Amino acid sequence: MAVFRFRVYWEDDDSVYRDVLIKSDQTFADFHRAILSAFDFDQIHDAVFYRSNDNWQRGREIVLKKDDRPRQAEPLLMAETPVGAAVRNTNQKFVYVYDFQKNWTFLIELIQVMSQENKKLTYPYCARKEGLAPSQYENKIPGNDKLMEMEEKYDLGSDDFSPEGFGEEGETDQDMADEESF
């Protein structure tokens with residue numbers, strides 16, 4: 001069974017991404033849940049995948065549930081569509097939109113195809129997390145684990161942080177002392 005490795009970028013910041021491994025016979029509904037889990041989002045809103053080209057133009061829709069919106073082509077259903085059926089080439093791209101009110105958009109690209117699955121893993125599997133995931137709801141309580149990890153990593157809570165010592169290039173300590181007297 002082939003396994004796809006997709007890199008899922010948050011559209012607003014491409015340094016924030018997740019690598020998701022999924023078997024070719026698993027559905028887009030499985031992929032949908034894996035992406036939300038990887039970014040710590042809930043699973044209560046509607047979503048859609050779009051097959052995409054290299055310029056991220058949105059093509060054929062793969063929807064979570066049917067609706068009555070008129071379209072040129074009938075959309076595919078996530079629960080009925082295996083991921084492998086939508087992969088046309090080794091650099092396949094998709095656009096994923098979640099929660100149409102907030103319009104969370106993720107750019108997805110196929111970065112690797114493996115011929116064998118790892119029997120020790122449960123697929124889909126988030127193999128890599130880079131960057132701090134965006135907060136789905138702005139009213140999240142500050143001080144959660146991720147924020148604490150970031151503070152510790154960058155020592156953001158340190159009292160030692162001081163802007164002193166930063167001046168213009170070529171500026172001497174005496175020049176800075178003279179400016180401070182104003």
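This report describes the fold, two buried charged residues, one helix, a group of paired strands and several salt bridges of a protein.

**Overall architecture**

The structure is a predicted model. The protein contains 4 helices and 8 strands, and from the N terminus on these elements follow the order β-β-α-β-β-β-α-β-β-β-α-α. The chain has 182 residues, of which 35% count as buried. Among contacts between residues at least 6 apart in sequence, 62% join residues at least 24 apart. The protein exposes about 11,900 Å², and carbon and sulfur atoms supply 46% of this area.

**Two buried residues, R7 and D19**

R7 is found in strand β1, which spans residues 3-10, and D19 is found in strand β2, which spans residues 13-23. Buried means under 20% relative accessible area. R7 has a relative accessibility of 17%, so R7 counts as buried. D19 has a relative accessibility of 0% and therefore counts as buried.

The side chains of R7 and D19 are joined by a polar contact of 2.6 Å. The side chain of D19 also makes a polar contact with the side chain of R5, at 3.1 Å. Leaving aside neighbours within four places in sequence, R7 is in contact with several residues, including Y17, R18, L107, I108 and R128. On the same basis, the contacts of D19 include F6, I111, Y125, C126, A127 and R128.

**Helix α1**

Helix α1 covers residues 28-38, and 8 of its 11 residues are buried, so the helix is largely enclosed by the rest of the structure. The buried residues are F28, A29, F31, H32, A34, I35, L36 and A38. At the start of α1, a side-chain oxygen of T27 reaches to within 3.3 Å of the backbone nitrogen of A29. The helix is followed by D40, whose phi is positive, near 60°.

**Strands β3, β4 and β5**

Strand β3 (residues 47-52) and strand β4 (residues 58-63) run antiparallel and are joined by 4 bridges. In this pair, V48 stands opposite V63 of β4. The two strands form a hairpin with 5 residues between them, and W56 in the turn has a positive phi of about 65°. Strand β4 also pairs with strand β5 (residues 76-77), to which it runs parallel and is joined by 2 bridges. Here V63 stands opposite L77 in β5. V63 thus faces V48 of β3 as well as L77 of β5.

**Salt bridges**

A search of the whole structure finds 12 salt bridges. The table lists some of them.

| Salt bridge | N to O distance |
|---|---|
| E61 and R69 | 3.7 Å |
| K66 and E74 | 3.3 Å |
| E130 and R128 | 3.3 Å |

Salt bridges that share partners join E61, D67, R69 and R71 into one network. The partners in the table can also be described by their exposure. E61 has a relative accessibility of 11% and so counts as buried, whereas R69 is partly exposed, with a relative accessible area of 47%. Both K66 and E74 are exposed. In the remaining pair, E130 counts as partly exposed at 30% relative accessibility, and R128 is partly exposed with a relative accessible area of 35%. R128 also appears among the contacts of R7 and among those of D19.

Methods:
Residues are numbered from 1 along each chain as its sequence is written. This is a predicted model: local features need pLDDT of at least 70, side-chain atom pairs count only at pLDDT 80 or more; totals for chains, interfaces and linings use all residues. Side-chain values use heavy atoms; hydrogens and water are left out. Buried means under 20% relative accessible area, exposed over 50%, partly exposed in between (1.4 Å probe, protein chains only). Contact means heavy atoms within 4.5 Å. Accessible areas come from the Shrake-Rupley method with a 1.4 Å probe; for residues, only the protein chains shown count as cover. A polar contact is a pair of N or O atoms within 3.5 Å; within protein, one must be able to donate a hydrogen and the other to accept it, and residues adjacent in sequence count only if both atoms are side-chain atoms. Two strands pair if DSSP finds at least two bridges between them. A salt bridge is a side-chain nitrogen of Lys or Arg within 4 Å of a carboxyl oxygen of Asp or Glu.
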